[in-house]
Structures are given as C-alpha cells and as structure tokens.
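Student: I've got a new model open and I'm not sure how to read it. Could you walk me through some of its features?

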Amino acid sequence: MRHNRAVNHLGRQSGHRKAMLANMASSLILKKRITTTEAKAKALKPYLEPLVTKSKEDTTHSRRVVFSYLKDKEATAELFRTIAPKVADRPGGYLRILHTGFRQGDAAEMVLVEFVDFNEAALASGKKEAKKTTRRSRAKKAEAAPAAEAPAAAEAPAAEAPAAE
C-alpha cells in the first residue's frame, strides 16, 4: 500500500530527482514547450508552478529563492523578465499538459508540457476570429468607399477647370 507517499520518486534517488526537475524546469522556461513522459510532467507541475508564482514579485529575495531551485541564471532571468509579466493576472495554472501518444520503444505515455500564455496555436486561433471581424469591417468600408468616391469625383472636375484656364 502507498499510504502517505504523495511524491512520485520516479525511480531515482532524491539528488538525481531534484537535478532532473531543475533541468526540466529550466528547459521549459527557456523553450516554453517540452515533450516528456506523463509521470515526469506531473512531477514537474507542482515543482515549477510555485516558482512562477514567486516570480510575480520581482525582489532580490524571490530571485534568490527561484535560483536556488533552478540553478540556471538564464532561466531565472527569463522567468522574471518574460514569463512573470505575461502571467501576472493569472491566479495559477500556468502549465498545460497535452497527451501526445505512446513512445515507440517502451510504450510510455508521452505528453507535451507548455506554458498556457505562450501557446502560439491557441493565440493564432484567437487571431483568426479577429480577422473575420476585420474582413467585415473592410467590406463595410468598401461599400462606403464607392459612395465617398462619387462626391470626390464630382468635386475633381470642378477643381481641374480653374487650373485649365
């Protein structure tokens, strides 16, 4: 029975597990999207989300705390400069886990882990809806434009007549 065993040890000793999670978190911060196994992704989510919450407050202390977990200067800087401002209004749930299938070699469940606010595909679908409204407004402008051109055409010959004299 697994009473009081909330942490998935991932078949590793604690030092190896901490290093692996730090490396995965750094890679995810720098690349915004990684592919890994489902068990590692589920272990990464509670590891990284408190760090993102802590990065919302840009103080020396919070930077040092985050750096003590990540152990990567570039990833810490990226988290505080790029990711924290973008998720500032989000109360939590910064990561998304998408199932992609099974790995060929050992049939392990593979997933895609990404930041919710950095998904270009979801943001692009929102832009497609905006294009539809833009097209409608262009159609309205195109209908209004011939009506506007008619008075302008009437004024143009009057303007050219004095110039011809």
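Tutor: Happy to. One word to settle before we look: a helix here is a DSSP run of at least four residues, and helices are numbered from the N terminus. Keep in mind too that this is a predicted model. With that in hand, look at Ser 62, which sits in helix H3, residues 60-70.

Student: Is Ser 62 buried or exposed?

Tutor: The idea is to look at relative accessible area, where under 20% means buried. Ser 62 has 4% relative accessibility, so it counts as buried.

Student: What does the side chain of Ser 62 have a polar atom close to, and at what distance in Å?

Tutor: A polar atom of the Ser 62 side chain is 2.5 Å from the backbone oxygen of Glu 57. If you skip the neighbours within four places in sequence, Ser 62 is in contact with Lys 54, Glu 57 and Phe 80.

Student: Let me zoom out. Which elements make up the chain, and in what order?

Tutor: The protein chain has five helices and three strands. Reading from the N terminus, the order is α-β-α-α-α-β-β-α. There are 165 residues in the protein chain, and 29% of them count as buried.

Student: How do I tell whether contacts link distant parts of the sequence?

Tutor: Take contacts between residues at least 6 apart in sequence, then ask what share joins residues at least 24 apart; in this protein chain that share is 55%. One pair of residues to look up is Ser 68 and Ala 22: they are 46 residues apart along the chain, and their C-alpha atoms are separated by 9.5 Å. Ser 68 lies in helix H3 and is partly exposed, with a relative accessible area of 43%.

Student: And which residues have the most contacts inside the largest nonpolar core?

Tutor: Leu 44, Leu 48 and Phe 115 do, in a core of 29 residues. The elements giving two or more residues to this core are helix H1 (14-31), helix H2 (38-55), H3, helix H4 (73-86) and strand S3 (109-115). Follow Leu 48 as an example: leaving out neighbours within four places in sequence, Leu 48 is in contact with Ala 25, Leu 28, Ile 29, Leu 95 and Phe 115.

Student: How should I describe two helices that pack together?

Tutor: In general, you describe two packed helices by the angle between their axes and the distance between those axes. Here, the axes of H1 and H2 come within 10 Å and cross at roughly 80 degrees. Angles of 65 to 115 degrees count as roughly perpendicular, and H1 and H2 are therefore roughly perpendicular to each other.

Student: Which residues meet where H1 and H2 touch?

Tutor: From H1 come Lys 18, Met 20, Leu 21, Ala 22, Met 24, Ala 25, Leu 28 and Ile 29; from H2 come Lys 40, Ala 43, Leu 44, Tyr 47 and Leu 48. By type, the residues of this contact are eleven nonpolar, no polar and two charged.

Student: Now a strand, please. What is Thr 37 in contact with?

Tutor: Thr 37 is found in strand S1, residues 33-37, and is buried, with a relative accessible area of 14%. Beyond neighbours within four places in sequence, Thr 37 is in contact with Arg 103, Ala 108, Glu 109, Met 110 and Val 111.

Student: Back in H3, how does Arg 63 look?

Tutor: Arg 63 is found in helix H3 and is partly exposed, at a relative accessible area of 31%. Its contacts, again without neighbours within four places in sequence, are Asp 58, Thr 76, Ala 77 and Phe 80. Arg 63 and Phe 80 are 17 residues apart in sequence, and 7.9 Å apart from C-alpha to C-alpha.

Student: One last feature: how do I read phi?

Tutor: Most residues other than glycine have a negative phi. A positive value in another residue is therefore something to note given that general pattern. Leu 10 has a phi near 55 degrees, and Lys 71 has a positive phi of about 60 degrees although it is not a glycine.

Student: Where do Leu 10 and Lys 71 sit?

Tutor: Leu 10 is in the segment before H1 and counts as buried, at 12% relative accessibility. Lys 71 lies in the loop between H3 and H4 and counts as exposed, at 60% relative accessibility.

Terms used: Residues are numbered from 1 along each chain as its sequence is written. This is a predicted model: local features need pLDDT of at least 70, side-chain atom pairs count only at pLDDT 80 or more; totals for chains, interfaces and linings use all residues. Side-chain values use heavy atoms; hydrogens and water are left out. Buried means under 20% relative accessible area, exposed over 50%, partly exposed in between (1.4 Å probe, protein chains only). A polar contact is a pair of N or O atoms within 3.5 Å; within protein, one must be able to donate a hydrogen and the other to accept it, and residues adjacent in sequence count only if both atoms are side-chain atoms. Contact means heavy atoms within 4.5 Å. A nonpolar core is a set of buried Ala, Val, Leu, Ile, Met, Phe, Trp, Tyr and Cys residues joined through side-chain atoms within 4.5 Å. Axes are lines fitted to C-alpha atoms, for helices over the stretch in contact, and angles run from 0 to 180 degrees between N-to-C directions. Angles under 35 degrees count as roughly parallel, over 145 as roughly antiparallel, 65 to 115 as roughly perpendicular and the rest as oblique. Ala, Val, Leu, Ile, Met, Phe, Trp, Tyr, Cys and Pro count as nonpolar, Asp, Glu, Lys and Arg as charged, and the others, Gly among them, as polar.
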